[in-house]
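Here are my notes on the charged pairs and the helix packing, jotted down as I went through the coordinates. Have a look at the structure and then compare with the points below.

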Amino acid sequence: MKFNSQICTSREQSERLLALGLKKETADMVLLKEMVYDENNHCTRDGDNYLIRPIDYLEGEEHRGHIPAWSLHRLIELCSQQINVGKRKYCHTLHLINNEYVAYIDDIGDAYQYHDERDLYNSLISCIEWLIKEGYFNKEYLVNQAEIDEHCKGVLEYLDYIRDEKGKQ
């Protein structure tokens with residue numbers, strides 16, 4: 001038997017979540033750039049592939065080129081389990097048979113919001129995007145302006161590092 005299940009968000013999906021403002025600390029997985037080594041076991045360059053690891057793999061270390069990633073369970077956990085619209089309560093629901101979608105449905109089955117991207121990961125990311133825009137998403141999971149400024153500073157430092165490394169070659 002061969003299973004081809006997605007373990008966590010792809011690089012593109014992770015970048016989309018980060019662009020939405022999710023804190024990287026909410027991720028429970030990490031994508032690490034595969035390194036290419038020469039015959040003397042010296043790292044010569046970054047590879048083209050990513051390795052998937054649980055987030056605690058990074059504990060106490062800084063890894064260049066790592067990308068936070070989210071498991072399916074973590075994406076579900078991040079979504080508001082219930083939203084109130086007026087006097088009505090809508091519960092977060094996953095539909096996993098045939099086509100996969102995410103919805104907020106009330107107790108009589110009326111859907112308030114529906115996300116069908118034909119892929120559960122993308123549907124959950126669309127749901128998170130909608131929750132953020134509508135103000136239903138837990139703000140504790142989002143970066144604030146000071147954190148954005150710090151992140152941008154780190155990105156610029158990393159780009160300077162890459163430029164310096166390429167200049168040495």
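1. Start with R74: at 22% relative accessibility, it counts as partly exposed, because the buried class stops at under 20%. Keep in mind that this is a predicted model. The partner of R74 is E77, and their side chains meet in a salt bridge with an N to O distance of 3.1 Å. E77 has a relative accessibility of 44%, so that residue is partly exposed too, given that exposed means over 50%.

2. Where do E77 and R74 sit relative to each other? Both belong to helix 2 (residues 72–78), and they are 3 residues apart, about one turn of the helix.

3. That pair is part of a total of 5 salt bridges in the structure. As a reminder, side chains of opposite charge can pair when their charged atoms come close.

4. The one I'd look at next is E129 with R16, where the closest N and O atoms are 3.0 Å apart. This salt bridge links distant parts of the chain: R16 is in helix 1 (residues 11–19), E129 is in helix 3 (residues 120–134), and 113 residues separate them. On accessibility, E129 comes out at 23% relative accessible area and is partly exposed. R16, at 29%, is partly exposed as well.

5. Then there's a small cluster of charges: R11, E12 and E15 are linked in a network of salt bridges. Within that network, the side chains of R11 and E12 meet at 3.8 Å, N to O. The cut-off is within 4 Å, so the R11 and E12 pair counts as a salt bridge. R11 itself is partly exposed, with a relative accessible area of 34%.

6. Now the packing of helix 1 and helix 3. Two packed helices are described by the angle between their axes and the distance between the axes. Here the axes of helix 1 and helix 3 come within 11 Å and cross at roughly 10°. Angles under 35 degrees count as roughly parallel, and helix 1 and helix 3 are therefore roughly parallel to each other.

7. Which residues make the contact between helix 1 and helix 3? From helix 1 come Q13, R16 and L17, and they meet Y121, N122, I125, S126, I128 and E129 in helix 3. By type, the residues of this contact split into 4 nonpolar, 3 polar and 2 charged. R16 and E129 both appear in that contact, and they also form the salt bridge from point 4.

Terms used
Residues are numbered from 1 along each chain as its sequence is written. This is a predicted model: local features need pLDDT of at least 70, side-chain atom pairs count only at pLDDT 80 or more; totals for chains, interfaces and linings use all residues. Side-chain values use heavy atoms; hydrogens and water are left out. Buried means under 20% relative accessible area, exposed over 50%, partly exposed in between (1.4 Å probe, protein chains only). Helices (H or I, at least four residues) and strands (E, at least two) are DSSP runs, numbered from the N terminus. Axes are lines fitted to C-alpha atoms, for helices over the stretch in contact, and angles run from 0 to 180 degrees between N-to-C directions. Angles under 35 degrees count as roughly parallel, over 145 as roughly antiparallel, 65 to 115 as roughly perpendicular and the rest as oblique. Contact means heavy atoms within 4.5 Å. Ala, Val, Leu, Ile, Met, Phe, Trp, Tyr, Cys and Pro count as nonpolar, Asp, Glu, Lys and Arg as charged, and the others, Gly among them, as polar.
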